[in-house]
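Please open the model in your viewer and keep the sequence panel beside it, since each stop on this tour begins with a selection.

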Amino acid sequence: FVLDNLLRDRNVGSIFLTSEALVAAGGVWTIGSTPLPTSQAVLDAAVGHNGVNAAMDDQVPHVHFHSAVEAIAVLQGAGVVVWACDVGADSVTLDEALSDHFAGSGDSSSRPGAIALVMGNERTGVSCRHLCDRTVFLPVFNDRALRVDVAACQAAFFVADRWGLAREPAAVARLGFLLGLTD
């Protein structure tokens, strides 16, 4: 995930918790004024069902950039496909974008390159969408926006499931632990 100037600590903590649960996530990049994972409010928001602060341990790599331009350039320079999660005239559903991404890999048994999902500010959306390779959205039935942490969780699971990673035993066990379903 790339968190583009998020405002609320609880959203950042929740996204870290989601990244922890879906072991496949490559980490969280924060941009600008996004609260850092070291703040007490983010730490409190990232406490799982068992009271375990799992999201802030070594399982979730984190890097902070002051500029979205710099962060996106680093990702794209490393060959990562960057998608803004936002609604607009040029956006396509996440499902359509993933289908195109997998079709572009040539072999259905191989996994295509990495994707970074940019989650935008709760009020203004993604500020750097013009730098992203594509803009994707999650369709909802009533055309209302999802909270950014809920959208991030849904998008992450959708991507992980498409790769088959959400069904791998380690990911399932970790998710069960964080949700309090296993010890």
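## The largest pocket

Begin by selecting α5, the element that gives the most to the lining of the largest pocket, with three residues. The model is a predicted one, and everything described on this tour should be read in that light. To widen the view, add α1 and β7 (134–137), which together with α5 are the elements that give two or more residues to this lining. In total 28 residues line the pocket, and to find its centre you can select Cys-85, Asp-86, Ala-145, Leu-146 and Ala-151, which lie nearest to it. If you colour the lining by residue class, you will find 15 nonpolar, five polar and eight charged residues, set around a space of about 610 Å³.

## The whole chain

Now zoom out and show the protein chain as a cartoon, where six helices and seven strands can be traced, in the order β-α-β-α-β-α-β-β-α-β-β-α-α from the N terminus on. Of the 183 residues in the chain, 43% are buried. When the surface is switched on, about 9300 Å² is exposed, with carbon and sulfur atoms supplying 55% of that area. Among contacts between residues at least 6 apart in sequence, 79% join residues at least 24 apart.

## The nonpolar cores

Hide the surface and select Phe-1, Leu-3, Trp-83, Leu-94, Leu-117, Met-119 and Val-136, which touch the most other members of the largest nonpolar core, a set of 29 residues. At least two residues of this core come from each of α1 (9–21), β4 (81–85), α4 (94–103), β6 (115–119) and α5 (148–163), and α5 supplies the largest share, eight residues.

Centre the view next on Leu-94, which, leaving aside its neighbours within four places in sequence, is in contact with Trp-83, Val-136, Phe-137, Leu-138, Ala-155, Phe-158 and Val-159. Apart from the largest core lies another one, of 16 residues, and you can locate it by selecting some of its members, among them Val-2, Val-80, Val-126 and Cys-132.

## A last stop in a loop

Finally, select Ala-114 in the loop between α4 and β6. Is Ala-114 buried, exposed or partly exposed? Its relative accessible area is 43%, so Ala-114 counts as partly exposed, given that the buried class ends at 20% and the exposed class begins over 50%. Beyond its neighbours within four places in sequence, Ala-114 is in contact with Val-80 and Val-81. A C-alpha to C-alpha distance drawn from Ala-114 to Val-82 comes to 8.6 Å, although these two residues are 32 apart in sequence.

Terms used
Residues numbered from 1 in each chain as written. Predicted model: local features only at pLDDT ≥ 70, side-chain atom pairs only at ≥ 80, totals over all residues. Heavy atoms only, no water. Helix = DSSP H or I, 4+ residues; strand = E, 2+ residues; numbered from the N terminus. Buried < 20%, exposed > 50% of the residue type's maximum accessible area, 1.4 Å probe, protein only. Contact = heavy atoms within 4.5 Å. Areas by Shrake-Rupley, 256 points an atom, 1.4 Å probe, with all protein chains shown as cover. Core = buried A, V, L, I, M, F, W, Y, C linked by side-chain atoms within 4.5 Å. 1 Å grid on protein atoms, 1.4 Å probe; cavity = no way out; pocket = protein on both sides within 12 Å on 5 of 7 lines; lining within 4 Å. Points joined across faces, edges and corners; volume = space filled by probe spheres on them. Nonpolar A, V, L, I, M, F, W, Y, C, P; charged D, E, K, R; others polar.
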